[in-house]
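Visitor: I should like to examine this model and to hear the grounds for each term applied to it. Would the guide please take the terms in turn?

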Amino acid sequence: MITIALSKGRIYDEALPLLKAAGIIATEDPELSRKLILATNRRNVRILIVRSADVPTYVQYGAADLGIAGKDVLNEHGGRGLYQPLDLNIACCRMMVAVPAGFDYQQAVRQGARLRVATKYVQAAREHFAAKGVHVDLIKLYGSMELAPLTGLADAIVDLVATGNTLRANNLKAVEEIAPISARLIVNQAALKLKRDSIQPLLDALARAAA
Ligand code: PRP
């Protein structure tokens, strides 16, 4: 059995065509079914539906052999026990620093101000601001980061930006790119060794589909 961990939403939607090209079709739609384990057209392949931040953990511990996770999530997880053979070039966006439209971020940085930054991506934010020599107090949030500067919780946020619509709708502006983000295939290192005969052809097919 090969078990693949996926999260619902954009990654799932954009992974479907790649999986299909690799010969794997889920027999149920996770948006319609409450099931967390989905069968596929292949008797030896199943799909687990997990929260996006949990995908690396399932694969790290071998509860799933493979998974698809955003670079943002992988960076926070650290990548222990994971083989990352493939950038699938799906769910692309950018990790950005954003502030209220009227806030002069560059000047605050030049003046050496200590900024309060709210984010789900504490690890990436810490590395980014440390590399730039910007003093920050990081506040961990789990979603709706855009609210933080609007309510006085923080001066800035670190968040993912795709169309920019969410920032615009909340009168925020992106001021700095931290990293381009896309979803990666991840594989449990032990599973790759033990099940190479069944996993390697799948990796090859996904690589061809993502190219
Ligand atoms: C992401 C991100 C932004 C939004 C950006 O949130 O955190 O809020 O999408 O997209 P846009 O630039 O196209 O507007 P998501 O919907 O993944 O939910 P989350 O707040 O739970 O992370």
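The dialogue below takes up the pocket and then the nonpolar cores.

Guide: The model is predicted.

Visitor: What makes Ser 52 and Asp 72 lining residues of the largest pocket?

Guide: A lining residue has an atom within 4 Å of a pocket point. The largest pocket holds about 920 Å³ of space, and 34 residues line it. Ser 52 and Asp 72 belong to that lining and, together with Lys 120, Tyr 121 and Leu 160, are the closest to the centre.

Visitor: Which elements give two or more residues to this lining?

Guide: They are helices H1 (10-21), H3 (71-77) and H7 (165-169), and strand E9 (156-161). H3 gives the most, four residues.

Visitor: How do you know that the lining draws on domain 1 and domain 2?

Guide: At least three lining residues come from each of domain 1 (2-91 + 182-210) and domain 2 (93-180).

Visitor: What is the make-up of the lining by class?

Guide: The lining has 13 nonpolar, twelve polar and nine charged residues.

Visitor: Why is Ile 4 called a member of the largest nonpolar core?

Guide: Membership requires a buried residue of a nonpolar type, joined through side-chain atoms within 4.5 Å, and buried means under 20% relative accessible area. Ile 4 is one of the 32 members and, with Leu 66, Ile 68 and Leu 185, touches the most other members. H9 (196-210) supplies the largest share of this core, six residues.

Visitor: What does Ile 4 touch beyond four places in sequence?

Guide: Its contacts include Leu 19, Val 45, Leu 66 and Leu 202.

Visitor: Which residues does the second core include?

Guide: This separate core of 29 residues includes Val 97, Ala 125, Val 134 and Val 136.

Technical notes
Residues numbered from 1 in each chain as written. Predicted model: local features only at pLDDT ≥ 70, side-chain atom pairs only at ≥ 80, totals over all residues. Heavy atoms only, no water. 1 Å grid on protein atoms, 1.4 Å probe; cavity = no way out; pocket = protein on both sides within 12 Å on 5 of 7 lines; lining within 4 Å. Points joined across faces, edges and corners; volume = space filled by probe spheres on them. Nonpolar A, V, L, I, M, F, W, Y, C, P; charged D, E, K, R; others polar. Domains from an automatic or database assignment. Buried < 20%, exposed > 50% of the residue type's maximum accessible area, 1.4 Å probe, protein only. Contact = heavy atoms within 4.5 Å.
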